[in-house]
Amino acid sequence: MDRVMRLALGSVLVGLAVLSLKVVAWRVTGSVALMSDALESVVNVATALAVIAALRLARRPADANHPFGHHKAEFFAAVLEGVLIVLAAVFILREAWDGLASPRAIDAPWLGLAVNAGAGLINAVWAWLLIREGRRHRSPALAADGRHLMTDVVSSVGVLGGVALAVATGWWVLDPALAVLVALNILWSGWSVIRGSLSGLMDEAVSDDELVRIRRIIAESAEGETALEAHDLRTRHAGPVTFIEFHLVVPGETTVEAAHALCDRIEAALMGALPDARVTIHVEPEHKAKHSGIVVLS
């Protein structure tokens with residue numbers, strides 16, 4: 001089992017622990033705001049399970065029906081997470097509406113706040129770890145899970161401060177009002193997760209910085225060789241894999257063996273910088289040169 005999968009399994013265990021603590025905090029106090037915080041942790045557990053399923057599917061090798069692999073499965077998990085987040089927000093808004101209509105005092109507030117704070121601290125540490133490792137291993141599902149947990153942490157801090165203020169002032173309407181703010185924050189988080197995942201499903205190109213890096217690698221790898229230019233550079237990403245395609249123009253008298261050796265050199269350089277790259281190079285004769293568009297070799 002690799003590190004990414006171990007982290008995904010760890011998310012389930014951490015999510016269950018945090019959920020248990022938040023449910024205790026909610027049951028002790030009866031707070032609508034703390035209930036909303038606990039409900040978001042239910043989503044955390046559900047999405048952690050979805051991430052595990054997606055990671056297992058994404059690691060399956062390419063087959064006849066999926067010749068480019070199953071890497072996009074991770075994006076589907078991230079979309080599912082976004083949908084679940086939105087549904088949780090809708091439920092919270094419904095409960096908050098009842099609380100606004102009939103606000104009531106909170107029971108044992110300081111005990112509930114202490115328990116909830118402990119759960120938030122656990123979430124903060126785990127979210128930071130997931131985001132860091134998700135970026136390192138280029139796992140969109142893992143990174144999305146971490147970002148969602150960090151949003152949960154931010155909302156938990158707001159809930160703790162708001163409930164403490166309600167207890168101190170006796171303004172119990174603050175409790176359901178905070179739940180509304182949590183729900184709106186969750187909605188924004190859900191939209192961000194869905195938007196980021198849809199970009200991957202739509203074969204969005206790599207970032208501008210990454211594109212500049214790829215162009216530089218191609219130019220430096222072909223320097224001093226027979227290549228004249230490279231054009232029609234296209235990129236896309238699917239999970240940890242980056243697909244790179246371009247046309248390489250060489251003089252018409254270049255032998256197949258020499259052109260193949262040059263392609264191997266460029267491909268090795270790209271895969272050295274991007275270990276999960278999949279490179280496709282189409283060799284063209286000199287009269288196919290465009291002298292415009294994306295020219296990466298001078």
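**Salt bridges and surface of a predicted chain**

Arg-132, Glu-133 and Arg-136 are joined in a network of salt bridges, a salt bridge being a side-chain nitrogen of Lys or Arg within 4 Å of a carboxyl oxygen of Asp or Glu. The model is predicted, and local features need pLDDT of at least 70, side-chain atom pairs count only at pLDDT 80 or more, and totals for chains, interfaces and linings use all residues. Residues are numbered from 1 along each chain as its sequence is written, and side-chain values use heavy atoms, with hydrogens and water left out.

The chain contains 8 helices and 3 strands, where helices (H or I, at least four residues) and strands (E, at least two) are DSSP runs numbered from the N terminus. From the N terminus on, these elements follow the order α-α-α-α-α-α-α-β-β-α-β. Of the 298 residues in the chain, 48% are buried; buried means under 20% relative accessible area, exposed over 50%, and partly exposed in between (1.4 Å probe, protein chains only).

The whole structure holds 5 salt bridges. Side chains of opposite charge can pair when their charged atoms come close. One such pair is Lys-22 and Asp-37, whose side chains meet at 3.3 Å, N to O. Lys-22 belongs to helix α1 (residues 3–29) and Asp-37 to helix α2 (residues 32–58), so the salt bridge ties together parts that are 15 residues apart in sequence. Lys-22 is buried, with a relative accessible area of 0%, and Asp-37 also counts as buried at 0%.

A salt bridge between strands joins Arg-234 and Glu-245, at 2.8 Å from N to O. This pair links distant parts of the chain, with Arg-234 in strand β1 (residues 229–238) and Glu-245 in strand β2, 11 residues apart. Arg-234 is exposed at 56% relative accessible area, whereas Glu-245 is partly exposed at 29%.

At the surface, Trp-97, Leu-100, Trp-171 and Val-173 make a nonpolar patch of about 470 Å². Patches are made of residues with over 30% relative accessible area and no salt bridge, like charges being joined within 9 Å and nonpolar side chains (Val, Leu, Ile, Met, Phe, Trp, Tyr) within 5 Å; accessible areas come from the Shrake-Rupley method with a 1.4 Å probe, and for residues only the protein chains shown count as cover. Trp-171 sits in the loop between α5 (140–169) and α6 (174–201) and is exposed, with a relative accessible area of 55%.
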